[in-house]
Amino acid sequence: MSIGVCYFPEHWPSERWERDVAQMADAGLEYVRMAEFSWGRLEPERGAFDFAWLDEAVDLVGDHGMEAVLCTPTATPPKWLVDEHPDIRQEDPDGTPREWGSRRFTCFNSPTYREETERIVRRVTERYADHPHVAGWQTDNEYGCHETVRCYCEDCAAAFREWLEAKYGDVASLNEAWGTTFWSQQYDSFAAVDPPGPTPAEHHPSRLLDYYRFSNDSVVEYNRLHADLIRAANDDWSVTHNFMGDFASLDAYSLSDDLDFLGWDSYPTGFVQDRRPGEASQDELRAGDPDEVGMNHDLYRGAKRAPFWVLEQQPGDVNWPPQAPQPGEGAMRLWAHHAVAHGADAVLYFRWRRCRQGQEQYHAGLRKQDGSPDRGYRDAGRAAEELFDLAPVEAPVALLHDYESLWATEVQPHSPDWHYWSHLRTYYAALRARGVQVDVVDPDTDLDGYAAAVAPTLYLADDELATHLESYVDDGGHLLLGARTGEKDPHNKLHGSLAPGPLADLAGLRVAQHETVPESTPTELRYGDERYGYRTWAGWLDTDDAAPVGEYTTAVADGHTAVARADRGDGSVTTCGCWPGGDLADALATDLLDAAGVATTNRLPEGVRVARRDGYTWVTNFTDEPRTVDAPDAAEWVVGDASVDGYDAAVVDAPPEALTVLPVDA
């Protein structure tokens, strides 16, 4: 387990580097990530390379007992390259080119940019192929940030037509798959298909979904170019990429085969402001939402079912969300512990020093612009002292998360309140509030070894998925299906049968009707002996082999089945037709976990979470109120103790179910 930092030596006078790197080592840091935006510094004019500065920086890192993680510098090409080849720029749907002067403005499908990428990546990787202090590489930087996965230029148009022809073979098959007789949208050739530009009404949902798939595949190909060149230079290097939180337009699973492990960039106080609906609480503005951050940890771990890295950890206040409150005292240490508890093997803070120039001057570093330590420096040093090597996380529950279903529900949300990530997180939060580790995985993942699985919205479903899930349940798995599951086929068309389409035999029911309900509409249902609220979406279930176990009790839905359960093989399937409120999600989750034999805690307080890894349990407190933990007498606290302060973390060698987080006034 390692703590590290992101460093930009090119931003500072070289006489400062020795002191900076020595201070990193003094803080117990082990990895230094560098060079991600440095193309213009490495190649100030075509063919005239300057590696001396980076050589010196990498040598300094090694001299102080640390290792360098280098980055391919393709997210920010130099001005001379754009002047030579303005066609490498992306275009908006209306044809407007994206200008140089920022980052991530280049087209993944530009043949010219792919050639230039190969040239610079080959040159920098070969330069450091034999350097003993380079541990590995990060490809590029945050693919798709600033809404740049999807480009609409002529290179993309040509590549999209080739992609469609490879997928469908002939245009008649495309017309049939999409259903283009609607609004006379038939095509007479693949050459007639354009990227979706501005239009008065909505675009055809099948066309949009395929364009999203094509754009994603373009990023996969571009990333593979980097990964192959890195491994060609030195096959012992690790290769990763820094993904983002709650990021919708790029399918992280699809890139995972070309990466040794996944990394992501964690900014808890920013995410609660710009990645989800609603207002952030005061605690969240100081420390973030543990379930929002945790679900991303578990996604990037689950994508390879292996440890991940946090390649950028928030070090203090940041520049890009609407507001930039100072994090709570100790929060930067808390975030490192929280990441490790969820399976991180390294946490790198972004950045070392607050920059004096450019767009990120209001982004904190571990040290201030004058070199003096900032609040995060102390937290990072303390985390480095406390953390230790650990085996990977073992999770008993899988949460099925599907990017293509996400894209399709974005195309036709059917309610302004529909939000895929938030719906998913309703179930995730219920599981985490019971102290259960969760892998967030692709629906095609082998589910053997998971006692239970939760599929909040498998919107796109086919026979292959049905067979996969049927096999899991028949073999003893316990499955919970959520709203909008099985509504569409993989071409984004309604099934000929009622939802859940090919999953109907598995679930033992059909969805007879559905409705969307605004916040102003009273909503209530009965589940077991209790009444619960729900929101946004309600499907009315007609049961066949399933038994009704919950029914709506308000308005037009009154009396219709809301929740049903079916025993099948050695397992069971529960279907919830609505988006549950927190209490209903907890009831559904606990019944599922009981059926699957998964041990749980009492329901944890909001903002307090526990996580199990390698025989140790982390207690993380994302609130400003101190908490006391009741643990067995024989339990040993290896970090902290039973009194967990606000924005604090502690580690104990006892299982989560043996712990009780006491009420504040206890």
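**Exercise 1. How many residues has helix H16, and what span is expected at 1.5 Å a residue?**

*Solution.* The structure is a predicted model, in which local features need pLDDT of at least 70, side-chain atom pairs count only at pLDDT 80 or more, and totals for chains, interfaces and linings use all residues. Residues are numbered from 1 along each chain as its sequence is written, and side-chain values use heavy atoms, with hydrogens and water left out.

Step 1. Helices are DSSP runs (H or I, at least four residues), numbered from the N terminus. H16 covers residues 420–432 and has 13 residues.

Step 2. The expected span is 1.5 Å times one less than the number of residues. For H16 this is 18 Å, and the distance from its first C-alpha to its last is 18 Å, close to that expectation.

**Exercise 2. Determine where H16 is kinked and describe the residue at the centre.**

*Solution.* Step 1. The bend at a residue is the angle between axes fitted to the seven residues ending there and the seven starting there. H16 has a kink of about 25°, centred on Thr426.

Step 2. Thr426 has a relative accessible area of 17% and is therefore buried (under 20%; exposed is over 50% and partly exposed in between, with a 1.4 Å probe and protein chains only).

Step 3. Contact means heavy atoms within 4.5 Å. Not counting residues up to four places away in sequence, Thr426 touches Trp579, Pro580 and Ala585.

Step 4. Of the 13 residues of H16, 13 are buried, so the helix is largely enclosed by the rest of the structure.

**Exercise 3. Characterise the packing of H12 against H16.**

*Solution.* Step 1. Axes are lines fitted to C-alpha atoms, for helices over the stretch in contact, and angles run from 0 to 180 degrees between N-to-C directions. The axes of H12 (residues 290–302) and H16 come within 10 Å and cross at roughly 95°.

Step 2. H12 and H16 are therefore roughly perpendicular (65 to 115 degrees).

Step 3. H12 contributes Asp291, Glu292, Gly294, Met295, Asp298 and Leu299 to the contact, while H16 contributes Trp421, Leu424, Arg425, Tyr428, Ala429 and Arg432.

Step 4. By class, this contact of H12 with H16 has six nonpolar, one polar and five charged residues. Ala, Val, Leu, Ile, Met, Phe, Trp, Tyr, Cys and Pro count as nonpolar, Asp, Glu, Lys and Arg as charged, and the others, Gly among them, as polar.

**Exercise 4. Compare the expected span of H8 with its end C-alpha distance, and assess its burial.**

*Solution.* Step 1. The 29 residues of H8 (residues 205–233) should span 42 Å; the end C-alpha atoms are 43 Å apart, which agrees.

Step 2. In H8, 22 of the 29 residues are buried, so this helix is largely enclosed by the rest of the structure.

Definitions and conventions
Helix = DSSP H or I, 4+ residues; strand = E, 2+ residues; numbered from the N terminus. Parallel < 35°, antiparallel > 145°, perpendicular 65-115°, else oblique.
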